[in-house]
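Got the viewer open and a selection box ready? Here is a walk through the model, one pick at a time.

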Amino acid sequence: MSMISGIQGQLLEVTVVCCNKLKDTEWISRQDPYVCLEYGSTKFRTRTCTDGGKNPTFQEKFVFTLIEGLREINVVVWNSNTLTYDDFIGSGKIQLQKVLSMGYDDTTWPIQTKTGRHAGEVRLIMFYANANNPATSYAPSYTAPQPHTPMYSAPSYAAAYQTPSPYPEYPPHSAAYPPTPYPPPQTTAYPPVYPPPSAYPPMSYPPHSAYPHASYPPPTQDYSYPPGPYPPRPY
């Protein structure tokens, strides 16, 4: 039985670290490389390293589901273009015998042009957790980036805050607010808008006797009936 049999459905972690000494496909500006991985029907692509030139860095991890009998991964490096088709830089094959048997592989793999010329290198780190013969004494030359941990620890809010009082406490007015730079207005500094009632002389009225009494002559017409006799009233 093979040492690396029974891999069907197992997981293989592949980290694309970087590329070295890539063939330059640009004449004026720096090229923008990216890496494609293909294993069976599974395909992955890294992000484009803008202005990566000949030595782009990626640090991207992908997880493949292994297939029994398939022991290599195809790798292709391209240069991304905006107005034209992407430029082919080089391709190669990644062998899985070492990682499947030892559980770990940190190797730089060469890539070639379509005519077989050397086009640079691709560095991959592969990890297989179910290796039958893991290398216990193997010290990896690369440590995968760890999640960012803050430089400070969050304060304990339970200890920093006490039980709030149901009534808010406010500092005294003199402590909370600085004294105003303007002196209070003096009441004597401004004349009253209206003079007091004593400023006006009292209004005098002539006595009642100063007005003459109106005298009216007695009526001269006598409205009494003349003396009788009166004729009897007919009925």
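Start at Asp51, which lies in the loop between β3 (42-45) and β4; helices (H or I, at least four residues) and strands (E, at least two) are DSSP runs, numbered from the N terminus. Before you click further: this is a predicted model, where local features need pLDDT of at least 70 and side-chain atom pairs count only at pLDDT 80 or more, while totals for chains, interfaces and linings use all residues. Residues are numbered from 1 along each chain as its sequence is written, and side-chain values use heavy atoms, with hydrogens and water left out.

Now check the backbone. Asp51 has a positive phi of about 60° although it is not a glycine. Most residues other than glycine have a negative phi. With a relative accessible area of 43%, Asp51 is partly exposed; buried means under 20% relative accessible area, exposed over 50%, and partly exposed in between (1.4 Å probe, protein chains only).

For another case, jump to Lys21 in the loop between β1 and β2. Phi of Lys21 is near 55°, again positive in a residue other than glycine, and at 64% relative accessibility Lys21 counts as exposed.

Go back to the β3-β4 loop and pick Thr46. Is Thr46 buried or exposed? Thr46 is buried, at 3% relative accessible area. Leave aside its neighbours within four places in sequence, and Thr46 is in contact with Val16, Tyr34, Val35, Phe58, Glu60 and Phe62 (contact means heavy atoms within 4.5 Å). While Tyr34 is on screen, add Arg45, which lies over the face of Tyr34 at 3.6 Å from the ring centre. The rule here is NZ of Lys or CZ of Arg within 6 Å of the ring centre and within 35 degrees of the ring normal.

Next, select β4, residues 57-65, and show side chains. Phe58, Glu60, Phe62 and Phe64 point to one face and are buried, while Thr57, Gln59, Lys61, Val63 and Thr65 point to the other and are not. That is the usual pattern: in a regular strand the side chains alternate between the two faces of the sheet.

Add β1 (residues 11-20), which runs antiparallel to β4 and is joined to β4 by seven bridges; two strands pair if DSSP finds at least two bridges between them. The bridge partner of Thr15 in β4 is Lys61. Stay on Lys61, because there is also a salt bridge from Lys61 to Glu13, with the closest N and O atoms 3.9 Å apart. That pair links distant parts of the chain, with Lys61 in β4 and Glu13 in β1, 48 residues apart. Lys61 is exposed at 52%, and Glu13 is partly exposed at 29%.How many salt bridges does a search of the whole structure find? The search finds six, a salt bridge being a side-chain nitrogen of Lys or Arg within 4 Å of a carboxyl oxygen of Asp or Glu. Among them, try Asp105 and Lys98, whose side chains meet at 3.8 Å, N to O. Asp105 counts as buried at 1% relative accessibility, whereas Lys98 is partly exposed at 35%.

Now for the rings. The whole structure holds four aromatic pairs; rings of Phe, Tyr and Trp (its six-membered ring) pair if their centres lie within 6.5 Å, with planes under 30 degrees apart counted as stacked, over 60 as edge-to-face and the rest as tilted. Select Tyr39 and Phe64: the centres are 6.1 Å apart and the planes are at 70°, so this pair is edge-to-face. Tyr39 sits in β2 (residues 33-39) and Phe64 in β4, 25 residues apart, and both are buried.

Then move to Trp78 and Phe88, with centres 5.5 Å apart and planes at 80°, so this pair is edge-to-face. Trp78 belongs to β5 (residues 72-79) and Phe88 to β6 (residues 87-95), ten residues apart. Trp78 is partly exposed, at 26%. Bring in Lys114 too: its charged end sits over the ring of Phe88, 5.3 Å from the centre. To round off the rings, select Tyr39, Phe44, Phe62 and Phe64, which ring pairs link into a cluster.

Last stop, the nonpolar core. Such a core is a set of buried Ala, Val, Leu, Ile, Met, Phe, Trp, Tyr and Cys residues joined through side-chain atoms within 4.5 Å. In the largest one, which has 30 residues, Leu12, Leu37, Ile73 and Leu96 touch the most other members. At least two residues each come from β1, β2, β4, β5, β6, α1 (97-102), β7 (104-112) and β8 (118-127). Finish by centring on Ile73: beyond its neighbours within four places in sequence, its contacts include Leu12, Leu37, Tyr39, Phe64 and Leu96.
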